[in-house]
Amino acid sequence: MMSKPKRLHPIVILGYMGKRIKNFIFPIAAFTFSVTRDSGRPLLFALGVSLLAIIIIFITSLLSWVRYTYQLEQDELRIKDGIFIRKKRYIPYERIQSIDLSEGILQRLFGLVKLQIETAGGMGAEEAEAVLSGISKEEALVIQEFTAVAKGNGAIEGKDLPEGQSFYKISTGQLLILSLTSGGVGVVISAVLALLSQVDDLIPFRKLASGVEKWTAPSLILLTILVVIGFFLAWVIALIGTMLKYANFTVIKKDNDLVITQGLLERRQITIPLKRIQAIRISENIVRQPLGYATVYAESAGGSSANQEGSKVTLLPIVKLDQIASILEPAITDYLVPTTFTSLPKRSMWRYIFRQWYIAIPIVIVSLIFLKTWGLLSIILLGAMTHGAVLKYKAAGWTLAEQQLTLRYRTLMLIRTTVMMKKNKIQSLEIRESYFQQKQELGTFEAFVKSGVGDAGGTVVDMEKGDLKEIYDWYSSGKEKRICSER
């Protein structure tokens, strides 16, 4: 089959403009303000320069659209782009690892989709191998069909989403719990702080700060209330954002692929071949753990640094911990969700506690010296870090089941993580023994699998030396693998 080169939908020009304006909005605003304030030039001059910048952005966006063409061939997808330097890419369908579809507001208004392609040779790249920002759903279906045929999976039926067995669909209650327990508020607050740092010249923060001592008590109370309201609004924005992102979240098993659809305003479809899954990760943050909820991810051999969701894909955004096995195992039969773990020896607990004391005790001593009575409050820090160390010790463990290694550990005292890795997916093991660990016959164990943007895996500190040997023997049996051992 030979087809003529095609262009994306003209609405893509607005998308190009939006990205460019987003990149230049702060420099343009800063230039406008500095020109009118420092040089004494009229505001009309600054606005004229800004208008010229917008015209240039429009022209470059139009040229980007005109110069971007794609062509569907029987065995490959051909793409040509570049305003001044013409680039040509030839992507064989059989090399395509995944095709992700999304529908933003603009795409939905015109019945279009955004198609993003990840390939086997593009893992870890700065961006996806190819992005078609505005094509028809029929055109996207054709590319999916060609890819399926090239991989020997047959054609894809249906006109929109692939048919198959849905084994997970988020409910309204689960969506609410997910939003209330997410950490998105930190992202929103960080974005607000970044925005304020960009407009430092526009708002006289230093003058405001220098006048704080002149404020009355009611003014300080009002400021405190405004700060609380600001954090509350940030939390609400994060909550709404999470609900919009994960609304209608559904996972379908289609042949040898998992097809994930999600989103309300922007609908996305992600396709993950089962053979690309390198590990399964279960994450329980400090809020969800007491409620018995967790999030399940798939570490995938794909994605790019600009699209890290391609390598760490959310399979189950929110699920009861005791229901993971019944949902996951029938769909992804290679992995078994363990119920019991081999814990660390009791002598390891004091090593966990001492590592935290090395940090906390100097802080307590300095606080007592310089803050006197108020320094006693630092003892709370010592208690909290000791409690966190005990939690990390209790969470740590491992287990072997058939051809699978599972590690469990806690980062700080916030997130308990369980990582399930198949023997044939493990890229390397590392065993480390410090001088003091050797004295107590302990060691640190790490296992890594290949992920799209680097290595992924897990680490368990202060394991029994006999347990380390058991895992070593399990992994090396029938193979000749190199295991790094640092002493």
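Visitor: Which residues is Q278 in contact with, leaving aside its neighbours within four places in sequence?
Guide: In this predicted model, Q278 is in contact with E299, S300, A301, Y335, M421, K425, V449 and K450.

Visitor: And where is Q278 found?
Guide: Strand β12 is where Q278 is found.

Visitor: Is Q278 buried or exposed?
Guide: Buried: the relative accessibility of Q278 is 7%, and the cut-off for buried is under 20%.

Visitor: OK, zooming out. How many helices and strands does the chain have?
Guide: The chain has 14 helices and 22 strands.

Visitor: What share of the residues count as buried?
Guide: Of the 487 residues in the chain, 42% count as buried.

Visitor: What about contacts, how many join residues at least 24 apart?
Guide: If you take contacts between residues at least 6 apart in sequence, 58% of them join residues at least 24 apart.

Visitor: Now the hydrophobic side of things. How many residues are in the largest nonpolar core?
Guide: The largest nonpolar core has 33 residues. Y168, I280, V296, L315 and I332 are those with the most contacts inside it.

Visitor: Which elements each supply at least two residues of this core?
Guide: On the strand side there are β8 (165–169), β10 (257–262), β11 (267–273), β12 (277–284), β13 (293–300) and β14 (312–320). The helices α5 (172–180) and α10 (324–328) also each supply at least two.

Visitor: Which one gives the most?
Guide: That's β14, which gives five residues to this core.

Visitor: You mentioned L315. What does L315 touch?
Guide: Not counting residues up to four places away in sequence, L315 touches Y168, F249, V251, L258, I260, I280, V296, Y297, A298, L328 and I332.

Visitor: Is there another core apart from that one, and how many residues are in it?
Guide: There is another core lying apart from the largest one, and it has 27 residues. Among them are A279, A396, F445 and I471.

Visitor: L328 was on the L315 list. Where does L328 lie?
Guide: L328 lies in helix α10. It is buried, with a relative accessible area of 3%. Beyond its neighbours within four places in sequence, L328 is in contact with I280, V296, L315 and L316.

Visitor: How far apart are L328 and V296 in space?
Guide: C-alpha to C-alpha, L328 and V296 are 9.4 Å apart, with their positions 32 residues apart in sequence counted as the separation.

Visitor: Back to α5. Which residues of α5 are buried?
Guide: Q174, L175, L178 and S179 are buried in α5.

Visitor: Why do they line one face of the helix?
Guide: Look down the axis of α5 and its buried residues fall within an arc of 135°, so they line one face.

Visitor: Change of topic: voids. How many cavities of 30 Å³ or more does the structure hold?
Guide: One. About 40 Å³ of space lies in the largest cavity.

Visitor: Which residues line the largest cavity?
Guide: The lining is made of P5, T69, Y70, Q71, R78, I79 and K80. Strands β2 (69–72) and β3 (76–81) are the elements that give two or more residues to that lining.

Visitor: What does the lining look like by class?
Guide: The lining has three nonpolar, two polar and two charged residues.

Visitor: Any odd backbone angles? What's the phi of N248?
Guide: N248 has a positive phi of about 60°, although it is not a glycine. N248 lies in the loop between α8 (217–246) and β9 (250–254), and at 43% relative accessibility it counts as partly exposed.

Visitor: And what's the phi of K372?
Guide: K372 has a positive phi of about 55°, and K372 is not a glycine either. K372 lies in the loop between α11 (347–371) and α12 (378–395). With a relative accessible area of 57%, K372 is exposed.

Visitor: While we're at α11, is V366 buried or partly exposed?
Guide: V366, which lies in helix α11, counts as partly exposed at 44% relative accessibility. V366 and S378 are twelve residues apart in sequence, and their C-alpha atoms are 9.5 Å apart in space.

Visitor: Last one: where is S311 found?
Guide: S311 is found in the loop between β13 and β14. S311 is buried, with a relative accessible area of 2%. The C-alpha atoms of S311 and I272 are separated by 9.8 Å, and the two residues are 39 residues apart along the chain.

Conventions:
Residues numbered from 1 in each chain as written. Predicted model: local features only at pLDDT ≥ 70, side-chain atom pairs only at ≥ 80, totals over all residues. Heavy atoms only, no water. Core = buried A, V, L, I, M, F, W, Y, C linked by side-chain atoms within 4.5 Å. Buried < 20%, exposed > 50% of the residue type's maximum accessible area, 1.4 Å probe, protein only. Helix = DSSP H or I, 4+ residues; strand = E, 2+ residues; numbered from the N terminus. Contact = heavy atoms within 4.5 Å. 1 Å grid on protein atoms, 1.4 Å probe; cavity = no way out; pocket = protein on both sides within 12 Å on 5 of 7 lines; lining within 4 Å. Points joined across faces, edges and corners; volume = space filled by probe spheres on them. Nonpolar A, V, L, I, M, F, W, Y, C, P; charged D, E, K, R; others polar. Arc of directions from axis to C-beta.
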